[in-house]
Amino acid sequence: MKKTLFILIIISLSLTLIGKDVSVKKAMFYSALVPGLGEMYTQKYSKGAIFLAAETAIIFSYIRMQSELDWATNSYKQYAFSMVDVPTNMEDEYYQLIQNYMSSEEYNDNIIRDARNYFLIYNTDPEGYEAYLEANLISEEESWHWDNNDEWISYRSLRLKKQDYEIYTNFAFAAAILNRIISIIDSAVEARKLKRSGQYLGKLSVNPDWNKKGIKIKYEYRF
């Protein structure tokens, strides 16, 4: 909310449009704040509306994906807690191990085998072997064992949903960045065109409406 009010104040102080006085830097600055504002500053309202609509859709998509991500994360943690007594405050790497191995015994066996081959057989380093085991073996307090494949598969399915939502959230974030970059470039191009033409375009002002918790957009043109 504070960020939104700050943006509105900045816009209300500096968003004006008077022909040859159009500033390329201002146009780019507005588009960096909110994609589409730079286009509106240069009176390209259709373009501005498209960028603004795209930004709105991306924001709503991001919020929804983040909500789904939180739900999926809570779901697999609660499932692991109820089925194999895994605490709900473990690190993600630990939950990944539970996804990859049916039991901590299976995981530990792999660690011991790999460590023996590398430290004892190939390098003859018993101290390194012991240190590696101490750092990587799962303790009895953190052990787990899925009773059957169905439970394990169900958990893996929940984890995969979480990972999918992470990807979708990252896509939405990347889309927001791309939308800004394109809007910044486009608004700079349009501003340069106006500066070259020297055409009077009137005055556009945007001010916060504190009573209605919104903004007032006013456009003036002298005939």
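Is Ile177 buried, partly exposed or exposed? At 40% relative accessibility, Ile177 counts as partly exposed, where buried means under 20% relative accessible area, exposed means over 50%, and partly exposed covers what lies in between (1.4 Å probe, protein chains only). The residue belongs to helix 8, helices being DSSP runs of H or I with at least four residues and strands being runs of E with at least two, numbered from the N terminus.

The model is a predicted one, in which local features need pLDDT of at least 70 and side-chain atom pairs count only at pLDDT 80 or more, while totals for chains, interfaces and linings use all residues. Residues are numbered from 1 along each chain as its sequence is written, and side-chain values use heavy atoms, with hydrogens and water left out.

The overall layout is a good place to get oriented. The protein has eight helices and two strands, and along the sequence these follow the pattern α-α-α-α-α-α-α-α-β-β. Of the 223 residues in the protein, 36% are buried. One buried example is Ser31, with a relative accessible area of 0%, which sits in helix 2 (residues 24-33). The C-alpha atom of Ser31 is separated by 9.4 Å from that of Asn179, although the two residues are 148 apart along the chain.

Helix 4 and helix 8 come up again and again in what follows. Both give two or more residues to a nonpolar surface patch of about 720 Å², made by Ile59, Tyr62, Ile63, Phe173, Ile177, Ile181, Ile185 and Val189. Helix 8 gives the most to this patch, with five residues. Patches are made of residues with over 30% relative accessible area and no salt bridge, with like charges joined within 9 Å and nonpolar side chains (Val, Leu, Ile, Met, Phe, Trp, Tyr) within 5 Å. The accessible areas come from the Shrake-Rupley method with a 1.4 Å probe, and for residues only the protein chains shown count as cover.

Ile177 also helps to line the second largest pocket, together with Glu55, Ile58, Ile59, Tyr62, Ala172, Phe173, Ala176 and Arg180. The elements that give two or more residues to this lining are helix 4 (45-84) and helix 8 (149-197), and the largest share, five residues, comes from helix 8. About 170 Å³ of space lies in the pocket. On a 1 Å grid over the protein atoms alone, a pocket is an open set of points where a 1.4 Å probe fits, with protein on both sides within 12 Å along at least five of seven lines, and lining residues have an atom within 4 Å of a point. Grid points are joined across faces, edges and corners, and the volume is the space filled by probe spheres set on the points. By class, the lining has seven nonpolar, no polar and two charged residues (Ala, Val, Leu, Ile, Met, Phe, Trp, Tyr, Cys and Pro count as nonpolar, Asp, Glu, Lys and Arg as charged, and the others, Gly among them, as polar).

Side chains of opposite charge can pair when their charged atoms come close. Eight salt bridges are found in the whole structure, each being a side-chain nitrogen of Lys or Arg within 4 Å of a carboxyl oxygen of Asp or Glu. In one of them, the side chains of Glu55 and Arg180 meet at 2.7 Å, N to O. Glu55 lies in helix 4 and Arg180 in helix 8, so this pair ties together parts that are 125 residues apart in sequence. Glu55 is buried at 6% relative accessibility, whereas Arg180 is partly exposed at 25%.

Another salt bridge joins Lys47 and Glu190, with the closest N and O atoms 2.8 Å apart. Here Lys47 is in helix 4 and Glu190 in helix 8, so parts that are 143 residues apart in sequence are tied together. Lys47 is partly exposed at 32% relative accessibility, and Glu190 is buried at 6%. Glu190 also meets Lys193 in a salt bridge (4.0 Å, N to O). Lys193 and Glu190 are three residues apart in helix 8 and so are separated by about one helical turn. Through shared partners, salt bridges join Lys47, Asp186, Glu190 and Lys193 into one network.
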